[in-house]
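Subject: Structure for you to look through

Hello,

I am passing on the structure we spoke about, and below it you will find notes on what turned up. Please read them with the model open beside you.

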Amino acid sequence: MTVQVAQNRMTSEEIARLSKEHTFFSWSVQGAVDPIAIDHAEGVWLFTPEGRRILDFNSQLMSVNIGHGDQRVVNAMIEQATKLQFVQPAFVTEIRARLGEKLAGILPGDLDKVFFTLGGAEAIENAIKIARQYTGRYKILARYRAYHGATMGAMTLTGDPRRWATEPGLVGVVRYPDTHRWGEREPRPVEESLKGLEDVIMYEGPHTIAAIFLETIVGTNGILIPPDGYIQGVRELCDRHGILMVADEVMAGFGRTGRWFAIDHWDTVPDLMTMAKGLTSSYLPLGAVAIRHHIAEKFDSTMFFGGLTYSSHPVSLAASLATLRVYEEDHLIERAAAMGPVMRAHHERLAAKHPSVGTHRNLGLFGILDLVRRHDPYTPMTNFNATSPEMSAISRYLREHDVYTMVSNNSIHTNPPLCISEEELAHGFEIIDGALTIADEAVQG
Ligand SMILES: Cc1ncc(COP(=O)(O)O)c(C=O)c1O
């Protein structure tokens, strides 16, 4: 890839200084941030202005699924931007027609209509509105170990501590039990989790509940893969009580797990599905809510009270259609499925070598290592919503060794772009191998 070298390019230091002086950073004490400047990126590699090469082992925010710098997507964006940059969403465009049709073809079951948003949180906001308008009920059930976005409604549904500063949020949001409790190695038995959910439905009154939201596989709260039978059990409870099932596939969707959508592993069709991230591989902002046929039909004769200036933005849609073609042309979804066992073998090798690895999980290239202080009783390396000197040292080690990934609580995420080669994957795990020796020293017993 050739990159135009502009005159008077800024150094990393200048970029960081001015960015910190005049812009805000997400989820940060502003004075504490220490950002890395990136100039360009290709495949699984990020490059600083000075040419330092950093392995992207987390696809940024588990979102650049096809990898960086794909010219097929860039060209599609340029072509659309050259022809038509924007019309407001009451107009229609060829790219909207083509992408709508394409998504209807890959979405599970009879999810065959989408409302386009700007990102994941807005998809959640609109799913809340559609569920309430469709059912005439107002309560929403959501879990604690969940992240659904940072707008007010999505933040209320979010169960993790990022919610606390935004409270009180929406009225009518009620928690139901998680499949995986914090600090435990294994998920709860399916029957126990479903019984807990059924109890909440009973206590709240099914006739008051519009929807049950869940991340099909929980993302930032720990790549929590539900045991077989759970997703089908939630579907059954929803059917029995006339409640809409809303699968949040913003992070788990678009090939990450080796299927188009994570929910495809359990052959279940949710009533609404939210998506973003891999929908464009983050080349441009785009989200969507997919709606089952009979639910969308209700709005044929009833007003949909929702709208966004940038819904169906043509250039974002062009990025999306081109991204979907890349998944297919490069067989990236099959590739993620095939790389799943390769990632698992790395996880297993590290678990066998390092006493600090308490457990590991992955489905396709959606993976994580959980670190522990003790195996028995099982004691995470950090307390809930905390860090520890060991985890901070691991973060520093990875940065010094030019591997970017998410380190949060007691976990190291392993979510590279789906185009990663076996050699690149091995390189990332070799660096993590080195980092884990820091944590091993803290293990007791
Ligand atoms: C499962 C899930 N839902 C929703 C969101 C919010 O998406 P966005 O940041 O695009 O608003 C995220 C973001 O990480 C997510 O992981």
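A good place to begin is Val289, which, once residues up to four places away in sequence are set aside, touches Val114, Phe115, Thr117, Ala123, Asn126, Ala127, Ile130, Leu272 and Thr274; touching, or being in contact, means that the C-beta atoms of two residues, placed from the backbone, lie within 7 Å. Before going further, please keep in mind that this is a predicted model, in which local features need pLDDT of at least 70 and side-chain atom pairs count only at pLDDT 80 or more, while totals for chains, interfaces and linings use all residues. Residues are numbered from 1 along each chain as its sequence is written.

**The strand around Val289**

Val289 lies on strand S10 (residues 287-292), and six of the six residues of this strand are buried, where buried means that 20 or more other C-beta atoms lie within 10 Å of the residue's own, exposed means 12 or fewer, and partly exposed falls in between, with C-beta atoms placed from the backbone. Strands here are DSSP runs of E with at least two residues, and helices are runs of H or I with at least four, numbered from the N terminus. Both faces of S10 are covered, with Gly287, Val289 and Ile291 buried on one side and Ala288, Ala290 and Arg292 buried on the other.

Which strands pair with S10? Strand S4 (residues 111-117) runs antiparallel to S10 and is joined to it by six bridges, with Leu111 having Arg292 as its bridge partner. Strand S9 (residues 272-275) also pairs with S10 in the antiparallel sense, over four bridges, and there Thr274 stands opposite Val289. To count as paired, two strands need at least two bridges found by DSSP.

The loop between S9 and S10 holds Ser281 and also Ser282. Ser281 has a positive phi of about 55° although it is not a glycine, and Ser282 likewise has a positive phi, of about 70°. Ser281 counts as buried because 29 other C-beta atoms lie within 10 Å, and Ser282 is buried because 22 do.

**Core and domains**

Val289 is also among the residues with the most contacts inside the largest nonpolar core, which has 113 residues; the others named there are Ala131, Ile212, Leu244, Val246, Leu272 and Ala290. Such a core is a set of buried Ala, Val, Leu, Ile, Met, Phe, Trp, Tyr and Cys residues joined through C-beta atoms within 7 Å. This core draws at least three residues from each of domain 1 (38-66 + 334-440) and domain 2 (71-329), bounds that come from an automatic or database domain assignment.

The C-alpha centres of the two domains lie 26 Å apart, and 25 residues of domain 1 are in contact with 25 residues of domain 2. On the side of domain 1 that touches domain 2, the elements giving two or more residues are helix H2 (59-62), helix H11 (332-353), strand S11 (357-363) and strand S12 (366-374), and S11 gives the most, with four residues. The residues of that side divide into 13 nonpolar, 11 polar and one charged, where Ala, Val, Leu, Ile, Met, Phe, Trp, Tyr, Cys and Pro count as nonpolar, Asp, Glu, Lys and Arg as charged, and the others, Gly among them, as polar.

**The ligand**

Around the ligand there are 16 residues, of which Gly119, Gly120, Ala121, Gly149 and Val250 come nearest; a residue is near a molecule if its C-beta atom, placed from the backbone, lies within 6 Å of it. Helix H5 (residues 120-135) supplies the largest share of this shell, three residues. By class, the shell has seven nonpolar, seven polar and two charged residues.

**Two cis bonds and one histidine**

A cis peptide bond, with omega about 0°, joins Glu167 and Pro168, and Pro168 is in the loop between helix H6 (152-157) and strand S6 (173-176). The bond from Asp376 to Pro377 is cis as well, with omega near -5°, and Pro377 is in the loop between S12 and strand S13 (379-380).

Is His401 buried or partly exposed? His401 counts as partly exposed because it has 16 C-beta neighbours inside 10 Å. Its place is in the loop between helix H12 (389-400) and strand S14 (403-404), and, leaving aside neighbours within four places in sequence, His401 is in contact with Ile431 and Gly434.

Best wishes
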